Amino acid sequence: MWTFFIAVILLIGGYLIYSRISEKVFAIDDRKTPAIKNPDAVDITPLPKWKAFLIELLNIAGNGPIFGAISGALFGPIVFLWIVLGCVLGGAVHDYFSGMISSRNNGDSIVKLSRKYVGKVMEIVMRIFSVILLLLVTAVFVVSPSSLLESLTGGKVVAWIWMIIILVYYLVSTILPIQKLIGKLYPVFGVVLIAMGLAVIGGILFQQDKYPMLEIIDHFQDLSIQNGDLPWWPFMLTTVACGAVSGFHATQSPMIAKCIKSEKEGRQVFYGAMVAEGIIALIWAAAAMAFYHVDQVEGWNQLAMVGGSSTSVQKISFTLLGPIGTVLAIIGVVICPITSGDTALRSCRLIIGEWLHIDQSKIKNRLLLTLPLFALVIGISIWNFLDHGNFNLLWRWFAWSNQFLAAATLWVATFYLLRTHKNNYLSLFTGVPAAIMTAVVLTYIIGEPNIALGRFIPMWVAYLIGGIITGLLFLFYLYLMIFKFKKVEEDVLDNE
């Protein structure tokens, strides 16, 4: 139990301390934000800070901090370390800088920012990965809540009907102004999400004699026979993305960057929402480890087989909370992906519209941009629905592309600091986590045994190649920092 509570305390302490350091490194001022300077009553509009926080939290808290954390529980209590350190030093910094840099640039997407601060090649890479990731997120977050809702209704309303309802909601939510639907529903959903987390952790705490939490000092190694062949580096750092470090958040932060009323709000909204998501991930990781504890070998094997699927959520919720608590928990788990899926499609619309220079204040233009994307989401969702085995394949590719985007976003933030701050060494604040995430994605794509080169080469080769490439990239970055960026680039500052 103490491992979990120390992890929560460290997360909260990290927010109180490290978020203020992030704010100082970024150097906020009293300039007008897009919501005040250029409101359009559709995407760029001022929102109260508490509402902006809840929308940001629900935007980023999809299946990731639940499904990913449950799957991450296979690695044992070491997952708590990754959630805490990854969130405080990497993920929340990632979210804060992606949101605040966007705010400084009239709410521009991470794609457009990558061209401004890094170059055209990075823009192309970011555009491809952003659009693919957002489409995958929208599709994944249609199928998983549909199956959960089918279970919640006892099979009376089948999954494909729920899928149609969710898809129609996505279309409407993507087209309508942000304050019309998202601004009204998300605060209510936020209360349910918080209640769900409290219910799950309460169920564990009140049944410690039956479902004891695992302590990191006793169970540092992997606890699953099925998971024995997958080392924690890089697989845990990819499996547990949302709640620790997630590139998907970089596509969501600019949406709320258009709605904050002051740069002072960024710390609570962007950094704070990520820490809140980290606490959600801790809760579900603790629940999985408490339920499938080390003495129940069969339980661990079962968890390994179903991973973070809706079956795991159902079984954990019902066992810990009973029928009423199960309904509350599943509703919370349904809300998370739906509220990320609709904003993922919205972000995709904004990125494509920004690329094609299309005015999105007109509903006709928003429809023209959304409908082709919507058709692609339907196609991926049907393919996934007809063959449930595709979900695991989609999830693995989503996980890797998600962390690739996280590494790229951190590099964009690093170049932003190099170009706009007189003290070049401040760029190490994002440069170090950028290098770490680069090593993660390189090692993963080389060593993953199912979707990558790992089926042909041993893991130690993946470590070697990933380490060498990352080391060379980091040395090149240090060279740029020390010798090339000696002064602030006035043209960039003038454009801001």
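This note goes through two helix packings and the aromatic pairs of a predicted model.

1. Helix 5 (residues 78-104) and helix 12 (residues 266-291) approach each other with their axes within 9 Å, and these axes cross at roughly 155°. That angle makes helix 5 roughly antiparallel to helix 12, since angles over 145 degrees are counted in this way. The crossing of helix 5 and helix 12 is right-handed.

2. On the side of helix 5, the contact is made by V79, F80, I83, C87, V88, G91, A92, V93, D95, Y96, G99 and M100, while helix 12 contributes G266, R267, F270, Y271, M274, V275, G278, A281, L282, A285, A286 and M289. Sorted by class, the contact of helix 5 with helix 12 has 18 nonpolar, four polar and two charged residues.

3. A second packing joins helix 17 (residues 428-447) to helix 18 (residues 459-484), with axes 8 Å apart and an angle of about 150°. Helix 17 and helix 18 are therefore roughly antiparallel to each other, and the crossing of helix 17 and helix 18 is right-handed.

4. Helix 17 enters this contact through L428, G431, V432, A435, T438, A439, L442, T443, I446 and G447, and helix 18 through M459, A462, Y463, I465, G466, I469, T470, L473, F474, Y477, L478 and M481. By class, the contact of helix 17 with helix 18 has 16 nonpolar and six polar residues, and no charged residues.

5. Turning to the rings, the count of aromatic pairs comes to 19. One of them joins F4 and F5, whose ring centres are 5.4 Å apart and whose planes stand at 70°, so the pair is edge-to-face, given that plane angles over 60 degrees are assigned to that class. As for their surroundings, F4 counts as buried at 4% relative accessibility, whereas F5, with a relative accessible area of 33%, is partly exposed.

6. The rings of W232 and W233 also form an edge-to-face pair, because their centres are 6.1 Å apart and their planes lie at 85°. W232 is partly exposed, having a relative accessible area of 41%, and W233 is likewise partly exposed, with a value of 22%; buried would require a value under 20%.

7. Finally, ring pairs link Y18, F26, Y96, F97, Y117, Y416 and F429 into a cluster. Among these residues, Y96 is also one of the helix 5 residues in contact with helix 12, so that a reader inspecting the first packing will meet a member of the ring cluster there.

Methods:
Residues are numbered from 1 along each chain as its sequence is written. This is a predicted model: local features need pLDDT of at least 70, side-chain atom pairs count only at pLDDT 80 or more; totals for chains, interfaces and linings use all residues. Side-chain values use heavy atoms; hydrogens and water are left out. Axes are lines fitted to C-alpha atoms, for helices over the stretch in contact, and angles run from 0 to 180 degrees between N-to-C directions. Helices (H or I, at least four residues) and strands (E, at least two) are DSSP runs, numbered from the N terminus. Angles under 35 degrees count as roughly parallel, over 145 as roughly antiparallel, 65 to 115 as roughly perpendicular and the rest as oblique. A crossing is left-handed if the near helix is turned anticlockwise from the far one by less than a right angle, and right-handed if clockwise. Contact means heavy atoms within 4.5 Å. Ala, Val, Leu, Ile, Met, Phe, Trp, Tyr, Cys and Pro count as nonpolar, Asp, Glu, Lys and Arg as charged, and the others, Gly among them, as polar. Rings of Phe, Tyr and Trp (its six-membered ring) pair if their centres lie within 6.5 Å; planes under 30 degrees apart count as stacked, over 60 as edge-to-face and the rest as tilted. Buried means under 20% relative accessible area, exposed over 50%, partly exposed in between (1.4 Å probe, protein chains only).
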